[in-house]
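Please follow the chain through the model below, beginning with a pair of strands and their partners and then turning to individual residues.

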Amino acid sequence: QFSPDGKWISYAKPDRGLRSHVWIKPLAGGAERMIGGDEFLMTSGARWTPDGKRLLLLGGVGAFSIASTSRPVMQLYGVSLTRLEKNPGERGVDTEEEAQSAPPAERRGGPGAAPAKVEVNIEWDGLDRRIRQITRAGESVFSVAPSPDSRTYAFVTSGGGEVEGRALAALYTIGEDGERLTRLAVATPSA
């Protein structure tokens, strides 16, 4: 997938053990870099957030072998492409006075507003330490799509229950901080 500014491309390719990993490469030329390192058994499904500040990916951890019939459970992860100014788990508001004095949220363009120019900057130093797990589901996440404001992610899992031994897909949304999980729909089995 192309980055929002069109200067980078993310893709998945297999390693020597045929396990998929996400890579980023500048389109103007240069070295490709693997995202996630060795802590992931496999990664795939990378998507850039529209604001260009994060790369979302599906990552699986656990023990995998050719003889195994099970696959690792894939979860949704977010990678901050630049250094974080504060702990992502910290809300930044501890008292009612701080909440009242906080500046209003940055307004995003409405109808007729010019789209904001996005430039993707990647700070490679410490990138692997900025990977944060967003979902913690018991079932695998299969795909993800970031919202236009980059603050909410829609994803599909096999967590919709079972009918006649077949897992049903479920559509969820979750906030960029891993909060506000909402199930939107469950697939209905075909007759």
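In this predicted model, tyrosine 11 stands opposite tryptophan 23 in β2, and this pair belongs to the antiparallel pairing of β1 and β2, which extends over seven bridges. The two strands form a hairpin with five residues between them, and in its turn leucine 18 has a positive phi of about 65°. Strands of a sheet pair through backbone hydrogen bonds, either parallel or antiparallel.

On from this hairpin, β2 is also joined to strand β3, residues 33-35, by three bridges, and these two strands run antiparallel. Valine 22 stands opposite isoleucine 35 in β3, while the hairpin of β2 and β3 has six residues between the strands, with glycine 29 taking a positive phi near 110°. How many of the seven residues of strand β2 are buried? Six of them are, so strand β2, which covers residues 20-26, is largely enclosed by the rest of the structure.

The segment before β1, a strand that covers residues 8-14, holds aspartate 5. Aspartate 5 is buried and yet has no salt bridge, since the nearest side chain of opposite charge, that of lysine 7, is 4.7 Å away, and a salt bridge is counted within 4 Å. The side chain of aspartate 5 does make a polar contact of 2.6 Å with the side chain of serine 3, and a polar atom of the aspartate 5 side chain lies 2.8 Å from the backbone nitrogen of valine 120. Leaving aside residues up to four places away in sequence, aspartate 5 touches Val118, Glu119 and Val120.

Further along the chain, arginine 136 is found in the loop between β7, residues 131-133, and β8. Is arginine 136 buried or exposed? Arginine 136 is exposed, because its relative accessible area is 65% and residues count as exposed over 50%. The side chain of arginine 136 is joined to that of glutamine 133 by a polar contact of 2.8 Å, and the C-alpha atoms of arginine 136 and leucine 76, which are 60 residues apart along the chain, are separated by 8.1 Å.

The strand that follows this loop, β8, takes part in an open sheet of four strands with the order β8-β9-β12-β13 and antiparallel pairing. At the edges stand β8, residues 141-146, and β13, residues 182-186, each with a single partner strand, so one side of each is left without a neighbour in the sheet. Neighbouring strands of this sheet are turned by 25° against each other on average, direction ignored. Strand β12, residues 170-175, is joined to β13 by four bridges in the antiparallel sense, and alanine 170 stands opposite valine 186 in β13.

Key:
Residues numbered from 1 in each chain as written. Predicted model: local features only at pLDDT ≥ 70, side-chain atom pairs only at ≥ 80, totals over all residues. Heavy atoms only, no water. Buried < 20%, exposed > 50% of the residue type's maximum accessible area, 1.4 Å probe, protein only. Lys, Arg positive; Asp, Glu negative; His and termini not counted. Polar contact = N/O pair within 3.5 Å; in protein donor to acceptor, adjacent residues only side chain to side chain. Contact = heavy atoms within 4.5 Å. Pairing = 2+ DSSP bridges. Axes fitted to C-alpha atoms, helices over the stretch in contact; angles between N-to-C directions.
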